[in-house]
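Welcome! Take a moment to look over the sequence and turn the structure around before reading on. The paragraphs below walk through it step by step.

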Amino acid sequence: MNLSELAANVQQKQRSTPELIADALREAIIQGIFTEEQSLRQDEIAKQFGVSRIPVREALRQLEAEGLVKFYNNRGAVVSGLSPSEAQEICEIRIVLESMAIKFAIPNLEEVDIEKAQSILDSTVKETDIAMLGKLNWEFHSTLYAPGKRSRLLNMINNLHISTERYVRLQMTRMNYLERSQKEHYLLLDACRNKDTSTAVKLLKRHINSAGKELVDYLEKHSKKYANK
């Protein structure tokens with residue numbers, strides 16, 4: 001899929017123009033259509049979408065807030081990369097915020113929430129599309145967090161997931177990661193089903209920490225590879 005196809009897809013949705021453009025550009029970055037440090041020419045993007053540069057600029061500012069885009073005085077907007085130290089920090093923040101989210105949510109979890117989370121996990125087992133796996137991963141976590149009724153907290157967590165999703169998709173191509181992640185998800189779901197907050201928090205922290213360690217290891221190897229060229 002290329003940017004033109006993504007643009008056509010999002011234009012079918014009933015949302016504002018900047019949001020639609022942000023959706024398409026976000027997916028292009030996550031899929032690797034746009035790579036790290038690649039310039040995002042506002043005039044070219046505006047032409048692609050058939051709009052002025054104003055909604056494109058708004059969309060890029062939204063992606064900047066999500067950590068996917070950076071602005072430079074001499075280069076304009078570029079796709080941001082993620083350093084090992086930044087990935088480590090995101091992991092540390094996720095542990096704090098998501099532990100809070102699950103603590104708020106568990107007392108309010110109902111059977112319908114558990115069933116929905118179970119259905120998502122069962123779908124994940126059968127899914128082979130990497131892009132869909134990333135979406136299902138967030139759907140699972142957000143389903144467990146949403147009953148806490150902390151919308152700002154959920155938005156903050158979502159932005160952290162977006163910042164790392166393109167790298168998480170790379171991790172998901174390795175079956176050992178997928179299998180382990182799924183086992184951890186099922187254990188977390190069982191703890192939530194049993195309203196066992198202490199165990200759920202412990203499992204969630206371990207889950208995020210192990211995924212974060214793999215991501216940091218990948219980025220360190222990735223950066224060394226390019227440094228040695």
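One definition helps from the start: a helix axis here is a line fitted to C-alpha atoms over the stretch in contact, and the angle between two axes runs from 0 to 180 degrees between their N-to-C directions. With that in hand, look at H2 and H8, whose axes lie 8 Å apart and make an angle of about 35°. Keep in mind throughout that this is a predicted model.

Who meets whom between these two helices? On the H2 side are Arg-26, Glu-27, Ile-29, Ile-30 and Gln-31, and they meet Ile-162, Glu-165, Arg-166 and Arg-169 of H8. Sorted by class, this contact of H2 with H8 holds five charged, three nonpolar and one polar residue.

Now step back for the overall plan. The protein has ten helices and two strands. Read from the N terminus, the elements come in the order α-α-α-α-β-β-α-α-α-α-α-α. Of the 229 residues of the protein, 46% count as buried. The protein exposes about 12300 Å², and carbon and sulfur atoms supply 50% of that area. How do contacts spread along the sequence? Among those between residues at least 6 apart in sequence, 72% join residues at least 24 apart.

Helix H8 has another partner to visit. H8 covers residues 151-172, and helix H5 covers residues 84-105; their axes come within 10 Å and cross at roughly 145°. The crossing in which H5 passes H8 is left-handed. From H5, the residues taking part are Ile-90, Ile-93, Arg-94, Leu-97, Glu-98, Met-100, Ala-101 and Phe-104, while H8 brings Leu-153, Met-156, Ile-157, Leu-160, His-161, Ser-163 and Thr-164. By class, the contact of H5 with H8 counts ten nonpolar, three polar and two charged residues.

A further pair sits earlier in the chain numbering: helix H3, residues 42-49, and helix H4, residues 53-65. At what angle do H3 and H4 pack? The angle is about 110°, with the axes 9 Å apart. Angles of 65 to 115 degrees count as roughly perpendicular, and therefore H3 is roughly perpendicular to H4. Their crossing is right-handed. Gln-42, Asp-43, Ile-45 and Ala-46 of H3 make the contact with Arg-53, Val-56, Arg-57 and Leu-60 of H4. By class, the contact of H3 with H4 has four nonpolar residues, three charged ones and one polar one.

Next, turn to the loop between H2 and H3. Thr-35 lies in this loop, and Thr-35 is partly exposed because its relative accessible area is 43%, a value between the 20% and 50% limits. Find Val-78 as well: the C-alpha atoms of Thr-35 and Val-78 are separated by 9.1 Å, although the two residues are 43 apart along the chain. Glu-37 has its place in the loop between helix H2 (17-31) and H3 too. With a relative accessibility of 37%, Glu-37 counts as partly exposed.

The backbone of Glu-37 deserves a second look. Most residues other than glycine have a negative phi. Glu-37, however, has a positive phi, near 70°, and is not a glycine. Lys-149 likewise has a positive phi of about 55° although it is not a glycine. Lys-149 is in the loop between helix H7 (130-145) and H8. Is Lys-149 buried or exposed? Its relative accessible area is 68%, so Lys-149 is exposed.

The tour ends toward the later helices. Ala-191 belongs to helix H9, residues 175-193. Because its relative accessible area is 5%, Ala-191 is buried. Which residues does Ala-191 touch, leaving aside its neighbours within four places in sequence? The contacts are Asp-196, Thr-199, Ala-200 and Leu-203. For Leu-203, twelve residues along the chain from Ala-191, the C-alpha separation from Ala-191 is 8.6 Å.

Finally, find Ser-198 in helix H10, residues 197-227. Ser-198 counts as exposed, since its relative accessibility is 58%. The C-alpha atoms of Ser-198 and Lys-103 are 8.5 Å apart, while the two residues are 95 residues apart along the chain.

Conventions. Residues are numbered from 1 along each chain as its sequence is written. This is a predicted model: local features need pLDDT of at least 70, side-chain atom pairs count only at pLDDT 80 or more; totals for chains, interfaces and linings use all residues. Side-chain values use heavy atoms; hydrogens and water are left out. Helices (H or I, at least four residues) and strands (E, at least two) are DSSP runs, numbered from the N terminus. Angles under 35 degrees count as roughly parallel, over 145 as roughly antiparallel, 65 to 115 as roughly perpendicular and the rest as oblique. A crossing is left-handed if the near helix is turned anticlockwise from the far one by less than a right angle, and right-handed if clockwise. Contact means heavy atoms within 4.5 Å. Ala, Val, Leu, Ile, Met, Phe, Trp, Tyr, Cys and Pro count as nonpolar, Asp, Glu, Lys and Arg as charged, and the others, Gly among them, as polar. Buried means under 20% relative accessible area, exposed over 50%, partly exposed in between (1.4 Å probe, protein chains only). Accessible areas come from the Shrake-Rupley method with a 1.4 Å probe; for residues, only the protein chains shown count as cover.
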